[in-house]
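These are my notebook entries on one structure. I looked up a pocket, the cysteines and a helix, in that order.

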Amino acid sequence: MRMNPPPSAVLPAQADTAGRTRFWLIALALLAPFALYFSTARSIVDIWNSSETFAHGYAILPICLWLIWRRRDNFAAYPPTPYWPALWLLAAAGAAWLLARMGEVQVVQQYAMVAMLPLIALAVLGRRLAGSLAFPLLFVLFAVPFGEIFIAPLISFTADFTVRAVQLSGIPVLRNGTRFDLPSGSWSVVEACSGVRYLISSITIGCLYAYLTYRSTARRLLFVATAVVVPVIANGLRAYMIVMIGHLSSMQLATGVDHLVYGWLFFGLVMFLMFWIGNYWREDQDTAPAQAAQAGATAPAPARGGAAAITVAVVATIALWPAFALYNDRASYNPKPVQLDQVAIGWAPAPAFSDWTPFYMTPDTSFSRAYQPQAGAPVALKVLYYRNQTKNKALISSLNRVTGYEDVWNEVSSTLRSESAGAQPLALRESVVHGPAGSLLVWHWMWIDGRTVTNNYVGKLRQAEARLLLRGDDGAQVFLAAPFSDKPEQARASLRAFLAQNGGAITAALAAAHGN
């Protein structure tokens, strides 16, 4: 008599076919973001290619795959099972990408796109399997080239640390912003001296080292915190060491290529000591494979047909946002050239009194002129107007600054103020700028979609709102500058008088340009 297998039984050949099908469906789901968000993925690779600070990004994905391979037994212990609630998280990541796309915030677009990879893994693999691979899946976020936002505060900290350390060494120092003079010569803390490259490298390697070396969460967090603090302090010591070598050698050493060599040698020594000391508390016992094997004995079989359904749902969820972005790009694009030839200022024109110019991306059009009141300091008006913005032509960017890091002009302070433009209140930012020709008091603010803004984050939200409502992305940066010698009160009075009489004309000119 012939016996048939029970309906629930699965033959080996059928199991192999189902396993291969599930593998290719999972692979399709994980590769979909690279195709649907190709421009964002390409922007990440472009930064890897152009900046040595983020060249390590090429190694992140291979490391993630290697870490997952080390946990390959988990796939047998926790068979892939669709987790449908993860689609809501995927939709949130897509919405974040779209909002950042409307506001031209590239780093948020990149994080949103890369975050889709672990979220897709959660959706197609299930909570148990994805949870057992949490670190390898989340480590992919280190591929995003992020960290330039820390350059300015790191430069300030390095300058403060170095100047204070030199003073404690008994050497007189005359400081002007991030520049300072010693009896032996002049020094300047620029972008390359910020230590951001050391910090990013230390955090990335530190997280990987903590995951591979320790098992307890407390030890991992402590080592990661150490990997954040140590490079910042080490960079201050490095800068101090280089200044002292230059000073003691009468500026014969540490002023050229050896400057960089000393820095990397010192950083390498500090990192070696940090990992060497951390190795004393290593925890070699890894219980994950044993727990996975134990769980595999009771793990339920994956549901049939679920892999195809979740893959279709994942691709549909992440495809919605770039499709809407493509429609919005066409609907909100303004082909008209910007007209900002004249601003009806009531003051008499005057010769330019300074060669200072803001360090901004090239705008679509600009307006620059100096004016002389009947009494008081002259005032310079500079307007930069942007339309159809991109990452290379943006009103709000980490690259846009009142002065460049290596410019002859140096921004030494920046504060928020509340003034009036005619009868309207106006929030603005006041900067003090020093240069070879003297000092300037600079008032500046942004104009976006008919509203004034001083905060970059609020400005990006305003820009995204205007784009979503199909009002375009027009925006302008307005600068008012006046010279002063010892005290800025006279310059501040001239700027205040200029705003009271001409603030309405500036706003009207910007509104007219937006309407064209």
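Entry 1, pocket lining. I worked from a predicted model throughout. I began with the residue classes in the lining of the second largest pocket and found 22 nonpolar, one polar and two charged residues. The lining comprises 25 residues, and I noted a volume of about 810 Å³ for this pocket. I then asked which residues lie nearest its centre. They are Ile26, Leu30, Leu65, Ile68 and Phe75.

Entry 2, helices around the pocket. I listed the helices that each supply at least two residues of the lining of the second largest pocket: H1 (12-36), H3 (57-70), H6 (106-125) and H8 (134-138). Which helix gives the most to this lining? I recorded H1, with eight residues.

Entry 3, cysteines. I searched for pairs of cysteine sulfur atoms within 2.5 Å, and the count came to zero disulfides. I also checked whether two cysteines are buried or exposed, taking under 20% relative accessible area as buried. Cys64 has a relative accessibility of 4%, so I entered Cys64 as buried. Cys207 has a relative accessible area of 15%, and therefore I entered Cys207 as buried too.

Entry 4, helix H11. I compared the span of H11 (residues 217-248) with its expected value. The helix has 32 residues and reaches 46 Å from its first C-alpha to its last, close to the 46 Å expected at 1.5 Å a residue. I then looked at what follows H11 and noted Ser250, which has a positive phi near 55°.

Terms used. Residues numbered from 1 in each chain as written. Predicted model: local features only at pLDDT ≥ 70, side-chain atom pairs only at ≥ 80, totals over all residues. Heavy atoms only, no water. 1 Å grid on protein atoms, 1.4 Å probe; cavity = no way out; pocket = protein on both sides within 12 Å on 5 of 7 lines; lining within 4 Å. Points joined across faces, edges and corners; volume = space filled by probe spheres on them. Nonpolar A, V, L, I, M, F, W, Y, C, P; charged D, E, K, R; others polar. Buried < 20%, exposed > 50% of the residue type's maximum accessible area, 1.4 Å probe, protein only. Expected span 1.5 Å × (residues − 1).
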